[in-house]
Amino acid sequence: MQRFIFDVSDLRLHLARTSRISGIQRVSLMVIDHAARLVREGASGTGPAEVFLGFVDPATGGYVTLPYRPAPDGRDLDRNFTAQTGLVGQRALPSLEGLREGSGQYVSQLILRRWNAARGRRRHFEKRGTTLEEWRQAVSIRRTGPAAGQPLAPRAGDRLFVLGAFWDVPALAPELTRLKGAGMEVVTLIHDLIPLLMPGLVPADHWRRFRAALEGSIGFTTLYLANSDHTATDLRAHLGAAGVERPMITVPLAQAGLMAPESDDAASPPPAERGADRTADQLGRDAALAAVPGVSPAVRQLAKYPFVLFVGTWDIRKNLWRLARAWARLDADRTIEMPKLVLAGGKGWGNADFEALMTATGNLGGLVELIDHPGDAELDYLYRSCLFTIMPSLYEGWGLPIGESLGYGRTAVVAAVSSMPEVGGDMVEYCDPASTESLRAACARLITDPGHRAALELRIAETRLRGWQDVARDVLAAGA
């Protein structure tokens, strides 16, 4: 029977440190889980097969595997993953991430959580941005310890997929090179070449580490996947300059929500009324969305007012300083009923100018709300409740939040550069990310013209969007 092995060396390191996933980690989990589901249901188009997780064993340095079972309900993929791999590491328990383990405050809060967990008090955990189930699973994982993998012995027909941040695991390349030498087909997904093309947008020396890892990948990769045509063009140019040729296939990522179920016949969500002219009844229905478990009070209260949503790390590449200036210009126009600007993500690199602007202006007088490291339930709520979303980034390999926004039936203001038009198509409003005025004008049109916004949302509803099942099926077919 054919074996599909998905490398999770980087994912294990990430989820041993934090329970929050985004970007590359989310792509890996989505593809792995949907691939395993397709294989289990005999719908992969590849014939009988098994799905395994593969990683470099920190104890031995060798490459090992574990069988993978898809999440029962297609949700909470990070918890499903950590439960099957038994990760512990230095990962903090949910809602205690900001406290030093062993401190008096940590111990007192730990006792409080245990007392409420023993009595099944769900509300206690929901008020703190987590759930009773997440707490119990985290405690269970800490008790069981990491799962032991079995050494990988390559067999004819096996295929190993590298979907994650392979440049973050120096020990990975030698093992993958060894496995390729033993006859293993290794398929590597490239998300972007930003560290090489725009080194000023990444931390110092990251570009050197990335370049070395990309060059090392040539030694173990039999087929490259690119997440967009734009990334494929960048990769071909880089490999060509080095005199290297490798087969390459573009596998676009998904235009799908975080928690919505999928089927091959799934249509896009219908457009919904959003805007400053919403009725009290509509606002009440929006507020009801926030009553689901795992939504913190800080996120729940956002249902009171219309808001525009940005999802992503708060770093220099995301262009937030220029976005904030555009929002200030919009606010200066007294004819516009301004929505809030909600930035859902976490602190990144090189964003001192934006941080200084927020401090000096009091978050633009309260117009800007920062939601730090929201969970999936909170992001789901924010996408469902927003007017529209915005992605003003200077460069993206794909632009995952754009696809997520479309998956919820929400249009967006999107930078008309790099791969982002491949994601947004004719369903979004475009802008020049280098122009504050262009950014302001695009946002103003979606804020002040609900008819135009509704027309874009109707296009979304009428379009067969690409789901994670599509992505997983294309990944499994690569190299066949």
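Which residues form one aromatic cluster with Phe 166? In this predicted model, Phe 166, Trp 167, Phe 210 and Phe 220 form that cluster. The structure as a whole holds 7 aromatic pairs. Among them, the rings of Phe 4 and Phe 161 have centres 6.1 Å apart and planes at 45°, and the pair is therefore classed as tilted. This contact joins distant parts of the chain, with Phe 4 in strand β1 (residues 2-7) and Phe 161 in strand β5 (residues 159-162), 157 residues apart, and both Phe 4 and Phe 161 are buried. Within the cluster, the rings of Phe 166 and Phe 220 have their centres 6.3 Å apart, with planes at 90°, so that this pair is edge-to-face. Here too distant parts of the chain are linked, since Phe 166 lies in the loop between β5 and α7 (172-181) and Phe 220 in helix α9 (residues 206-220), 54 residues apart; Phe 166 and Phe 220 are both buried. An aromatic ring also takes part in a contact with a charge, as the charged end of Arg 12 sits over the ring of Phe 55, 4.0 Å from its centre.

Helix α3 (residues 77-85) is largely enclosed by the rest of the structure, because 8 of its 9 residues are buried. The buried residues include Leu 77 and Phe 81, together with Asp 78 and Arg 79. Gly 86, with a positive phi near 65°, follows the helix α3.

The structure holds 0 disulfides. For Cys 431, the closest cysteine sulfur is that of Cys 443, at 7.0 Å, which is too far for a bond. Cys 431 is buried, with a relative accessible area of 4%, and Cys 386 is likewise buried, at 0%.

Definitions and conventions
Residues are numbered from 1 along each chain as its sequence is written. This is a predicted model: local features need pLDDT of at least 70, side-chain atom pairs count only at pLDDT 80 or more; totals for chains, interfaces and linings use all residues. Side-chain values use heavy atoms; hydrogens and water are left out. Buried means under 20% relative accessible area, exposed over 50%, partly exposed in between (1.4 Å probe, protein chains only). Helices (H or I, at least four residues) and strands (E, at least two) are DSSP runs, numbered from the N terminus. A disulfide is a pair of cysteine sulfur atoms within 2.5 Å. Rings of Phe, Tyr and Trp (its six-membered ring) pair if their centres lie within 6.5 Å; planes under 30 degrees apart count as stacked, over 60 as edge-to-face and the rest as tilted. A charge sits over a ring if NZ of Lys or CZ of Arg is within 6 Å of the ring centre and within 35 degrees of the ring normal.
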